[in-house]
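Here's a quick tour of a protein model, written for someone just getting used to looking at structures. Have the 3D view open and click along as you read.

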Amino acid sequence: MQEILQYIFSGITNGAIYAIIAVGFSLLYNSTEIINFAHGEFVMIGALSLVTLWGSFHLPLPLAFVLTIVVVSGTGLLFERFAIRTVKKPDHIVLVIITVGASIFLRGIAMLIWGKDAYSIPPFSSNPPIDIAGARLLIQSIWIIVISLLSVVALYFFYNKTLTGKAIRACAINKKAAWLTGIPSGKMVMLSFVLSIGMGAVAGLIIAPITMCSYDMGTMLGLKGFCAAMLGGLGSLWGALIGGFILGILEAMGVGFVSSSLKDAIAFVLLLLILFIRPGGIIQSKDVQRF
Amino acid sequence: MKPIKPIKKTVAGRFPRDKIYYIFFSLAVILTGLFVSNSYYLQVLTFIGINSILALSLNMLMGYAGQVSLGHAAFYGIGAYTTAILTVHYNLSPWLALPCAIFIAIFVAFLVGIPTLKLTGFYLGMGTLGFGMIVNIIFREWTDLTGGASGFVGIPSLELGPVSFYSMRNYFYLVWAALLLSIIVCKRLVNSRIGRALRSIHDSAHAAEAVGINTRNLKIQVFVLSAAFAALAGFLYAHLVSFISPGSFDFMMSVRIVTMVVIGGMASIWGSLLGASLLTLLPEWLHAFSDFEMVVYGLILMLIMIVLPQGLTKGLIDIYERSKKKDNS
C-alpha cells in the first residue's frame, strides 16, 4: 500500500511534466497542424537557462523564471520566423525534417554554451518532504503539480475568455475565414508558437531541480510528452493533461512492479495501443485520419 | 495541338534506356573500385552503397506508395542484429543468416503492418515512430541476446569460397552489386502494374480502391518489401563494421533515412542514391568543424528543406528549366 502510494506520487510528479510538454504539442498542432520535434529541445534550453540564471548567477527565483520563459519563447519566435514561415511548400514531411533539423541545431548550440556536463540545482524551497501514510511527498513535487495545473487553467481561460484566445481558436478552425473577419492569422500562428514553446520552457523550469540537466535531455522528454499528447487526444488541452498523468503513473507503476529497463518502452507501447484502438485519443479530438 | 505520343513507343523505349543506365552504373562502379585505392574513401563509398539501399527501400514505401515511416531504422537494426546473433551465438554461416534476417524482418513487418498501415498521414508516422522506439529499446535492454547499450562485438567478416570480403575493395564491390540488384528490382516493380497501383495509392487511396486496387494488401506488401531491403542493408552493415550498437538504429537514424529520401527526391530511384550520398558525406565533411558539427549539420538540413522542399533532383531540374525559359523569352 505504502509502496503503491509512493509510486503514485512519483508518477503524478512526472505526469505533470509530461502533461505540460503535451500541452505544448497540442497547442501547436491545434493551430498549425505541425508536430514540433524540436519541442523537447526547448524544454532542455528552459532547464539549462534556469541552471545558469538561478544556480550560477543567483538571480531571485521569480526573476529567473520570467527571464527563462522570455529567452526560450524568444528562441521559439526566431524559429517560427526563420525556419517555419520561410518554407515555400509546407508539406508535412518537409516540416518534420525541418523541426528535426532544428532540434539537432539547438542541441548543438546548447552543447557549445553549456558543454557536455550534466548540472543539478537544488529544489525551489528547502522544506523537508511531507509524510503521507508512510509515503514521502517531496515539496518540489507539489511545486511541479501546482505550476503545471495553474498553467493549464490559465491557458484554458486565455483560450475561452479573451478575445486574442478566441481569435487563435478561430484561426485553428479555418485560417482563411478568420483572416476575412479581420484576424491577423499570421500573427496568431506566431503567438501559438510562442505559447507552445513557452509551455516547453515551463516544463524545463519545473523539471530542472529533480533531474540532471544536460544538452541531450530533451529528445526523450519531447517524445514522451508527444506520446502523452496522443494518448489524451492530440489538440485537446484537457486531453494532454489526462494523457500526461496517465503516462506518468503507468510508467512509475511499471518501473516499480516490473522492471526499470521497461521505463522508456511504456510510453511507446501506450502510443501504439491508443493508435490501434482509438486513434483520436482518450478525449476524441477533431478529424481522425483513419478509415 | 500537340501530337499524342503512342504509349507503346515509350514503354518499348524505356527498357533499353534503363539497361544502358545499368551498364553505365556497373562500369562506373568497376572503374571506381579499380582506381580508388585509399581504404578510407572505399569505406565511405561502401557506406554510401549501404545507405542507398536503405533510402531505396524507404522510397518504395514513402515516395511511391506515400506511406510515411518514421521507424525504418528498426528493420535495418533487425537485419543487423539477426545476422550478428546467428553468426556469433549460433556459429551459423553469414550466407545462411542473410535469409533468416530478411525473413524475420518480413515477418515483423507483416505483423506490425496489418494494424499500423490502417492509419494514414501523421498517425501512420507516429505509429511507425512508436514501433521504431520499441524495437530500439529491445535492442538496448535485452542484454543477454544483443549485448545491450554497450553493443555487440565480434561479428565475422564475409567470405565466399576463396574470396574474402575482409578487403575493403571486395566489400565495396559486394555492396554496390547488392545496390545494383536492388535498383533493378525496384525499377522493374515501379514500371509494372504494381508500381502504377502504388502511385495511385499515393495520389488518392479512395480513388485507387474505386478502380479495384486492394489498397490494404498492397500497402502491406510494399511495407514488407521495404523491410526486406532494409534488413539486407542491416546485414551488409553488420558484417562491414563487425560492431553494432543500438545507437545506430535509433529515431535519429530513422529520420536520417527519411531525409535521404526527401532530399534525393520522393519517388525517384536515382534520387535516393543522391540523397544517401549527400547524407553520408555530409558528416564526414563536417568533422572539420569539430564542436560546431551538430550546429552546422542541423543548419544545412533546415536550409535544404527550406530552399528545395521537393528534393535536390526535382529542385535542380526546376531551377534549370526556369533558367532555360528565361533564355527563350
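Start where the two chains meet: 36 residues of chain A and 32 residues of chain B make up the contact. Keep in mind that this is a predicted model. The bullets below begin at that contact, then go to helix pairs, the core and some single residues.

**Where the chains touch**

- On chain B's side, the elements that put in two or more residues are α5 (121-141), α11 (251-264) and α13.
- Which of them gives the largest share? That's α5(B), with 11 residues.
- Sort chain B's side by class and you get 22 nonpolar, seven polar and three charged residues.

**A helix pair across the two chains**

- Look for helix α4 of chain A (residues 92-114) and helix α13 of chain B (residues 293-307): their axes come within 7 Å and cross at roughly 160°.
- Are these two helices roughly parallel or roughly antiparallel? Angles over 145 degrees count as roughly antiparallel, so α4(A) and α13(B) are roughly antiparallel to each other.
- The crossing of α4(A) past α13(B) is left-handed.
- From α4(A), the residues that meet α13(B) include A:V94, A:I97, A:I98, A:G101 and A:F105. Over on α13(B), the residues that meet α4(A) include B:M294, B:V295, B:Y297, B:L301 and B:I306.
- By class, this helix contact has 17 nonpolar residues, three polar ones and one charged one.

**A helix pair inside chain B**

- Now find α7 (residues 168-190) and α10 (residues 215-241), both in chain B: they pack at about 180°, and their axes are 11 Å apart.
- That angle makes α7(B) roughly antiparallel to α10(B) as well.
- On the α7(B) side, the contact is made by B:Y171, B:V175, B:A178 and B:S182. Their partners on α10(B) are B:F229, B:L232, B:L236 and B:L240.
- Here the split is seven nonpolar, one polar and no charged residues.

**The core**

- The largest nonpolar core has 196 residues.
- Residues with the most contacts inside this core include A:A19, A:A47, A:I97 and A:C227 from chain A, along with B:A231 and B:A233 from chain B.
- You've already come across A:I97, which is one of the α4(A) residues that meet α13(B).
- What does B:A233 touch, once you skip its neighbours within four places in sequence? The list is B:I50, B:I53, B:L54, B:S57, B:Y76 and B:G79.

**Two residues on helix α8 of chain A**

- A:M199 lies in α8 of chain A, and it's buried, with 33 other C-beta atoms within 10 Å.
- Ignoring residues within four places in sequence, A:M199 is in contact with A:I20, A:V23, A:G24, A:L27 and A:S151.
- A:M199 and A:S103 sit 96 residues apart along the chain, and 17 Å separates their C-alpha atoms.
- A:V189 is also in α8 (residues 185-207) of chain A. It counts as buried too, because it has 21 C-beta neighbours inside 10 Å and the cut-off is 20 or more.
- Not counting residues up to four places away, A:V189 touches A:S31, A:T32 and A:C171.

**A long hop along chain B**

- B:V44 has its place in helix α2 (residues 39-64) of chain B, and with 17 C-beta neighbours inside 10 Å it counts as partly exposed.
- How many residues apart along the chain are B:V44 and B:L281? They're 237 residues apart, yet their C-alpha atoms are separated by 7.5 Å.
- Leaving out neighbours within four places, B:V44 is in contact with B:T280, B:L281 and B:E284.

**Two loop residues with positive phi**

- Most residues other than glycine have a negative phi, which is a handy thing to know for the next two.
- A:E33 has a positive phi, near 60°. Its home is the loop between α1 (2-32) and α2 (39-56) of chain A, where it's partly exposed with 16 other C-beta atoms within 10 Å.
- B:N91 has a positive phi as well, near 50°.
- Where is B:N91? Check the loop between α3 (73-89) and α4 (94-116) of chain B.
- Is B:N91 buried or exposed? It counts as exposed, because it has 8 C-beta neighbours inside 10 Å.

Notes
Residues numbered from 1 in each chain as written. Chains lettered and ligands numbered in written order. Predicted model: local features only at pLDDT ≥ 70, side-chain atom pairs only at ≥ 80, totals over all residues. Core = buried A, V, L, I, M, F, W, Y, C linked by C-beta atoms within 7 Å. Buried ≥ 20, exposed ≤ 12 C-beta atoms within 10 Å, placed from the backbone. Contact = placed C-beta atoms within 7 Å. Axes fitted to C-alpha atoms, helices over the stretch in contact; angles between N-to-C directions. Helix = DSSP H or I, 4+ residues; strand = E, 2+ residues; numbered from the N terminus. Parallel < 35°, antiparallel > 145°, perpendicular 65-115°, else oblique. Left-handed = near helix turned anticlockwise from the far one by under 90°. Nonpolar A, V, L, I, M, F, W, Y, C, P; charged D, E, K, R; others polar.
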